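Open the model in your viewer and keep the selection panel at hand. The stops below go from one selection to the next.

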Amino acid sequence: MPIYRAKNAKKEGLQKYYVRVNYVSDSGEYKQITRTAYGIDVAKDLERRLEYEIKEQQKTSIHKMTVQQLYEEYISVKKYEVRGTTINKTEKTFKKHILPIIKKIKIDKLSVSVLQEWKISIEEKNLALATKKGLYSELRTMLNYAVRMDYIPKHNLSKVRKF
């Protein structure tokens, strides 16, 4: 990110610098922070600190995402990749079998035990094996999307195993 020297501006013998940090907000908007520092070392330190704070803020906002929020984003993206009938089937699958059980859980908290509980609850519904496999596949696909988008480093569904 750029550090600009101010013309003919000094304070206590130190040169004045403008530190500008550009980033993309959670909503996808381009943002910019500009701060003033006196002395090049102070300006470089300020730049590093601002970049670190922005990265930490973005990490915590991602970790606050629930399965419901991930689902909504996933569906909005998937609408442009598949036919309408496929979207309808996916929405019905999630709303009936997946979201009622895990929608309030944060995606970074989807542990093996939580996913195992989901699997057991599906087993108790006495659904056909093909239906259970389809549910597993839909959830896996959405979690793979979360990994692709760097919302989570990996998911634990494969540790639970298929039906």
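A residue counts as exposed when its relative accessible area is over 50%, as buried when that area is under 20%, and as partly exposed in between. The coordinates are those of a predicted model.

**Stop 1: Glu12**

Select Glu12, in the loop between β1 and β2. Its relative accessible area is 77%, so Glu12 is exposed. Now check the backbone: the phi of Glu12 is positive, about 55°, although the residue is not a glycine. This loop belongs to the hairpin of β1 and β2, which has two residues between the strands.

**Stop 2: the sheet**

Extend the selection to β1 (residues 3-11) and β2 (residues 14-24), which run antiparallel and are joined by five bridges. To find one pair, pick Ile3, whose bridge partner in β2 is Val19.

Next add β3 (residues 30-38), which pairs with β2 in the antiparallel sense over nine bridges. Here Asn22 stands opposite Gln32 in β3.

With the three strands displayed, what is their order? The order is β1-β2-β3, in an open sheet with antiparallel pairing. β1 and β3 are the edge strands, each pairing on one side only. From one strand to the next, the twist averages 25°.

**Stop 3: α2 against α5**

Leave the sheet and select helix α2 (residues 67-78) together with helix α5 (residues 129-148). Their axes come within 10 Å and cross at roughly 90°. An angle of 65 to 115 degrees counts as roughly perpendicular, and α2 is therefore roughly perpendicular to α5.

Show side chains at the contact. On the α2 side are Val67, Leu70, Tyr71, Glu73, Tyr74, Val77 and Lys78; they meet Glu138, Thr141, Met142, Leu143, Tyr145 and Ala146 in α5. By class, the contact of α2 with α5 consists of nine nonpolar, one polar and three charged residues.

**Stop 4: α4 against α5**

Keep α5 and replace α2 with helix α4 (residues 112-123). The axes of α4 and α5 come within 11 Å, and the crossing angle is roughly 155°. Angles over 145 degrees count as roughly antiparallel, so α4 is roughly antiparallel to α5. The crossing of α4 and α5 is right-handed.

Which residues of α4 meet α5? They are Leu115, Trp118, Ile122 and Glu123, and they meet Lys132, Leu135, Tyr136 and Leu139 in α5. The residues of this contact of α4 with α5 divide into six nonpolar, no polar and two charged.

**Stop 5: Lys103**

Go to the loop between α3 (84-102) and α4, and select Lys103. Is Lys103 exposed, buried or partly exposed? Its relative accessibility is 35%, so Lys103 counts as partly exposed.

Leaving aside residues up to four places away in sequence, Lys103 touches Thr66, Val67 and Gln68. Val67 was also part of the contact of α2 with α5. Another α2 residue from that contact, Tyr71, is 32 residues from Lys103 in sequence and 8.5 Å from Lys103 in space, C-alpha to C-alpha.

**Stop 6: Asp150**

Finish in the loop between α5 and α6 (157-160), where Asp150 is found. Asp150 has a positive phi of about 65° although it is not a glycine. Its relative accessibility is 61%, so Asp150 counts as exposed.

Methods: Residues are numbered from 1 along each chain as its sequence is written. This is a predicted model: local features need pLDDT of at least 70, side-chain atom pairs count only at pLDDT 80 or more; totals for chains, interfaces and linings use all residues. Side-chain values use heavy atoms; hydrogens and water are left out. Axes are lines fitted to C-alpha atoms, for helices over the stretch in contact, and angles run from 0 to 180 degrees between N-to-C directions. Helices (H or I, at least four residues) and strands (E, at least two) are DSSP runs, numbered from the N terminus. Angles under 35 degrees count as roughly parallel, over 145 as roughly antiparallel, 65 to 115 as roughly perpendicular and the rest as oblique. Contact means heavy atoms within 4.5 Å. Ala, Val, Leu, Ile, Met, Phe, Trp, Tyr, Cys and Pro count as nonpolar, Asp, Glu, Lys and Arg as charged, and the others, Gly among them, as polar. A crossing is left-handed if the near helix is turned anticlockwise from the far one by less than a right angle, and right-handed if clockwise. Buried means under 20% relative accessible area, exposed over 50%, partly exposed in between (1.4 Å probe, protein chains only). Two strands pair if DSSP finds at least two bridges between them.
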